[in-house]
Amino acid sequence: MPDVIADPETDPRATYAVDPARVRSWLRDVVASGPPVTTTTPMTGAPLATFPTSTADDVTVAVDRARAARRRWSSLPVADRARVLLDLHDLVLDRQGELLDLVQLESGKARAHAFEEVADVAIVCRHYARRGPALLAPQRRPGALPVLTRTTEHHRPKGVVGVVAPWNYPLTLAVTDALPALLAGNAVVLRPDPQGSLTALAAVALLVEAGVPDGLVQVVLGPGDPTGAAVVGRTDYVCFTGSTPTGRTVAEAAGRRLVGASLELGGKNTVYVADDADLRRAVPGVLHACFASAGQLCVSAERLAVHEAVADEFLGRFLDAVARMRLSTDLTWDADMGSLVGEAQRDRVLGHVEDAVAKGARVLTGGRARPDVGPYVVEPTVLEGVTSAMACRDEETFGPVVAVTRVSSDEAAVALANDTEYGLNASVWTRDVRRGRSLAARLDAGTVNVNEGYAAAWGSVGAPMGGMKASGLGRRHGREGLLKYTESQTVAVQRGVNIADLPGLSGSRYAAGMTRALRVLRGIGLP
Ligand code: NAD
């Protein structure tokens, strides 16, 4: 096996160390016979880890192992499975130091933004441990014939769920979609992005410590093709998070096999500051909405609509706050924003800014690379005068760049927000909650946050989260986020008489009797 971790003593470019022995122990059960990949940390650009990858055949072995381990797991009472989630909740909070380091080292984000991932995992654990058993319990349903038909709806696990996760939220997106799948009695084959593999391996080690049986969660490592594609091609349900173009490929592959897939895809999200917004809250709230995780967040805002009545005052304060943001690549709490994940992402973000400026947009603040802070750091950037001729108007930048538009009415703000192929998240700042709710009803977005950027809706894990239009299919969180990992099964027990074959009745007398009975059932208000 190659050296798994870049060692500062032997590789002068490696500046951070993760205990190689621990990483080797995480890799012990990973089926991976393919060529190694090396990742770098965005904090310095230095090598971080080298690990073997999983071929398509390795993924087959992992799926078989997961399927074998599932038999006992799915026969356990759901309360026992829920207890594992509560234990993971405690472990993630207790061991957050190592997780925060890994998330930062792999993604480049600031520590405060890495902490959002730790908190998110704990919230999802608690929610599904407490609410999941009731959602999974068999439910009585009205029978075909009252009293004589006893009908129950059951939720059976799909089998082996494939989770294909991107790099931008390496902890959250590796774990939180797997948790409801496990609670429902499934096994999981997890393919983290190579750039999130250490974090995913550490998290799965905690899952095992929390009581998930050996083999039930298989991690396979490697690029989208072949490793991710092999997971999509071999599992019984696919939970994919990534860009819309890749989501279409995954949907096609799942469709050909007639297995279900939930697709959590891209966004081009608008935040609207209305004329009655509380600017003291709106300024830091919008700043967080745009620049958390350096804008590499599917629900972060890349369009900022500001009502012209408050535009000057809001922008004055907002630009000042943005210009004062502390940029850092340190593993400390002293940063407001960290790095982009790598060179390609930095070049894409700078490319969007250069394209916009070349076509007439104005940079109100930011706009430059900051190699003095880190090789892939780009300043938080606010543009004005962005038009549809510019790439950043409609394409997802996935970086710390937001385009301001002054609007004269709520209608104009809604029109701007809906003028996109995406429909993931929106944010409205207003003192009038009724106005906020009424705007939400007109916004084509899967989540709408009133007086928050994204955290209120994302953190409300009892409610579904996901995208309309090209932002995805299906939902995570809430009832949908659990039951999507199950097959509904209806069991109807018929007592006394057969429904279609009443003894001694001719066809016409059966039809006449049934017609009378149906009229009675309607009359007494039965569902
Ligand atoms: P991407 O689509 O390029 O890749 C996503 C993941 O899919 C990667 O890990 C990649 O290795 C893998 N992949 C590539 N081809 C594959 C294939 N054929 N089969 C299976 N897996 C394959 O996206 P990205 O640039 O890495 O991630 C950023 C994107 O993810 C953004 O568009 C962002 O909005 C989106 N995202 C969405 C959500 C959400 O919840 N809606 C959350 C986070 C990120």
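In the predicted model, helix α8 makes the largest contribution to the lining of the second largest pocket, supplying 4 residues. This pocket encloses about 340 Å³ of space, and of the 15 residues that line it, those nearest its centre are W26, D29, V204, V208 and V217. Two or more lining residues are given by each of the elements α1 (20-27), α8 (197-210) and β7 (217-219). By residue class, the lining of the second largest pocket comprises 8 nonpolar, 3 polar and 4 charged residues.

The largest pocket has a volume of about 850 Å³, and among the 40 residues of its lining W167, F240, G242, S243 and T246 are the closest to its centre. The elements that provide two or more residues to this lining are α9 (224-234), β8 (237-241), α10 (244-257) and α13 (343-358), with α10 giving the most, namely 7 residues. The lining of the largest pocket divides into 17 nonpolar, 14 polar and 9 charged residues. Because residues from both domain 1 (20-265 + 479-483) and domain 2 (269-461) take part in this lining, the largest pocket lies between the two domains.

With regard to annotation, an unreviewed UniProt entry assigns "domain: Aldehyde dehydrogenase" to residues 37-491. Over residues 37-491 the chain is 45% helix and 21% strand, and the C-alpha atoms at the two ends of this stretch are 49 Å apart.

Notes. Residues are numbered from 1 along each chain as its sequence is written. This is a predicted model: local features need pLDDT of at least 70, side-chain atom pairs count only at pLDDT 80 or more; totals for chains, interfaces and linings use all residues. Side-chain values use heavy atoms; hydrogens and water are left out. UniProt positions are given in the numbering used here, feature names are shortened, and annotations may be inferred rather than shown by experiment. On a 1 Å grid over the protein atoms alone, a cavity is a set of points where a 1.4 Å probe fits but cannot get out, and a pocket is an open set with protein on both sides within 12 Å along at least five of seven lines; lining residues have an atom within 4 Å of a point. Grid points are joined across faces, edges and corners, and a volume is the space filled by probe spheres set on the points. Ala, Val, Leu, Ile, Met, Phe, Trp, Tyr, Cys and Pro count as nonpolar, Asp, Glu, Lys and Arg as charged, and the others, Gly among them, as polar. Domain bounds come from an automatic or database domain assignment.
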